Amino acid sequence: MKIGVLAVQGAFIEHEKMLQKLGCQTVELRAKEDISNLDGLILPGGESTVQGKLLRELDMFTPLKNLIDDGLPVLGTCAGLILLSQNISNDSARYFQSLPVTVQRNAYGRQLGSFKTVSGFGQMRDVEMTFIRAPVITETGKDVNILSVVDDRIVAVEYKNQIGLSFHPELNEDTRIMEYFLSK
């Protein structure tokens with residue numbers, strides 16, 4: 001299985017290491033030419049504004065949007081969730097707009113508001129979750145499946161081929177969320 005990991009900015013190495021641990025081939029997506037024959041896509045955490053700008057400057061935005069719209073399984077974590085979201089309540093920027101949710105950027109505050117917790121995720125129990133300047137999902141559209149809620153805030157959803165997470169599963173030892181993504 002070949003998974004593309006957006007590698008223009010942000011925490012992509014940790015995703016690659018976890019995928020490789022699970023036996024996947026990974027390819028760092030740094031240029032338009034890197035986008036070929038993918039079985040899945042990961043949009044990592046980082047800075048969504050910078051990632052969105054670089055996606056356009058590197059002419060990667062449209063090819064990736066087309067793949068997502070055509071059903072390629074995609075996992076967006078933190079900034080990746082923001083890139084997928086249809087709306088951002090506290091920002092006028094818009095990116096792929098393929099996931100029918102509204103997110104609020106930096107909902108937990110600045111870096112000092114980062115934290116770890118354990119919660120449920122779909123049918124899984126006791127899943128470690130690391131939140132770093134994380135967004136939250138404030139609204140969901142029709143047919144969006146809520147996978148996790150922490151402190152009355154939606155932090156994980158699934159819609160068709162897309163999984164959006166406010167947190168970083170790649171920063172923990174638990175591989176179950178990545179395995180769930182790979183099953184898609």
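Leu64 counts as buried in this predicted model, because its relative accessibility is 0%, and buried means under 20%. The residue is found in helix 3. Beyond its neighbours within four places in sequence, Leu64 is in contact with Leu6, Leu29, Ile35, Leu41, Leu55 and Phe96. Its C-alpha atom is separated by 9.0 Å from that of Lys32, a residue 32 places away along the chain.

Leu64 also belongs to the largest nonpolar core. This core has 30 residues, and Leu64 and Phe96 have the most contacts inside it. Several elements give two or more residues to the core. The helices among them are helix 3 (61-69) and helix 4 (79-84). The strands are strand 2 (25-29), strand 3 (40-43), strand 6 (99-104) and strand 11 (153-159). Helix 4 gives the most, with four residues. Another core lies apart from this one. That core has 29 residues, including Ile3, Leu19, Phe181 and Leu182.

Strand 1 was examined next. The strand covers residues 2-6 and is mostly covered, with five of its five residues buried. Its residues point in two directions. Lys2, Gly4 and Leu6 point one way, while Ile3 and Val5 point the other way. Both sets are buried. Of these residues, Leu6 is in contact with Leu64, and Ile3 is part of the 29-residue core. Strand 1 pairs with strand 2 in the parallel sense, over five bridges. Within this pairing, Gly4 stands opposite Val27 of strand 2.

Strand 6 is a further covered element. Five of its six residues are buried, so the strand is largely enclosed by the rest of the structure. Strand 6 pairs with strand 5 (residues 85-88) and runs parallel to it, with three bridges joining the two. Here Ile88 stands opposite Val103 of strand 6. Strand 6 is also joined to strand 9, by four bridges, and these two run antiparallel. In this second pairing Val103 stands opposite Ile137 of strand 9. Val103 therefore has a partner in strand 5 and a partner in strand 9, within a strand that is largely enclosed.

A hairpin is formed by strand 7 and strand 8, with two residues between them. Strand 7 covers residues 115-121 and pairs with strand 8 in the antiparallel sense over six bridges. Val118 stands opposite Glu128 of strand 8. Gly122, in the turn, has a positive phi of about 60°.

Positive phi values also occur outside glycine. Most residues other than glycine have a negative phi. Asn37 has a phi near 50°, a positive value. This residue lies in the loop between strand 2 and strand 3. Asn37 is exposed, because its relative accessible area is 67% and exposed means over 50%. Arg133 has a positive phi as well, near 45°. Arg133 lies in the loop between strand 8 (124-131) and strand 9 (136-140). At 32% relative accessibility, Arg133 counts as partly exposed, since that class lies between the 20% and 50% cut-offs.

Arg133 also appears in the lining of the largest pocket. This pocket has a volume of about 170 Å³. Its lining has 13 residues. Those nearest the centre are Gly46, Cys78, Asn106, Ile132 and Arg133. By type, the lining divides into five nonpolar, five polar and three charged residues.

Ser48 completes the picture of individual sites. The residue lies in helix 2 (residues 48-57). Ser48 is buried, because its relative accessible area is 2%, under the 20% limit. With residues up to four places away in sequence not counted, Ser48 touches Ala79, Ile82, Leu83, Tyr95 and Arg105. Among these partners, Ala79, Ile82 and Leu83 fall within the residue range of helix 4 (79-84).

Methods: Residues numbered from 1 in each chain as written. Predicted model: local features only at pLDDT ≥ 70, side-chain atom pairs only at ≥ 80, totals over all residues. Heavy atoms only, no water. 1 Å grid on protein atoms, 1.4 Å probe; cavity = no way out; pocket = protein on both sides within 12 Å on 5 of 7 lines; lining within 4 Å. Points joined across faces, edges and corners; volume = space filled by probe spheres on them. Nonpolar A, V, L, I, M, F, W, Y, C, P; charged D, E, K, R; others polar. Core = buried A, V, L, I, M, F, W, Y, C linked by side-chain atoms within 4.5 Å. Buried < 20%, exposed > 50% of the residue type's maximum accessible area, 1.4 Å probe, protein only. Contact = heavy atoms within 4.5 Å. Pairing = 2+ DSSP bridges.
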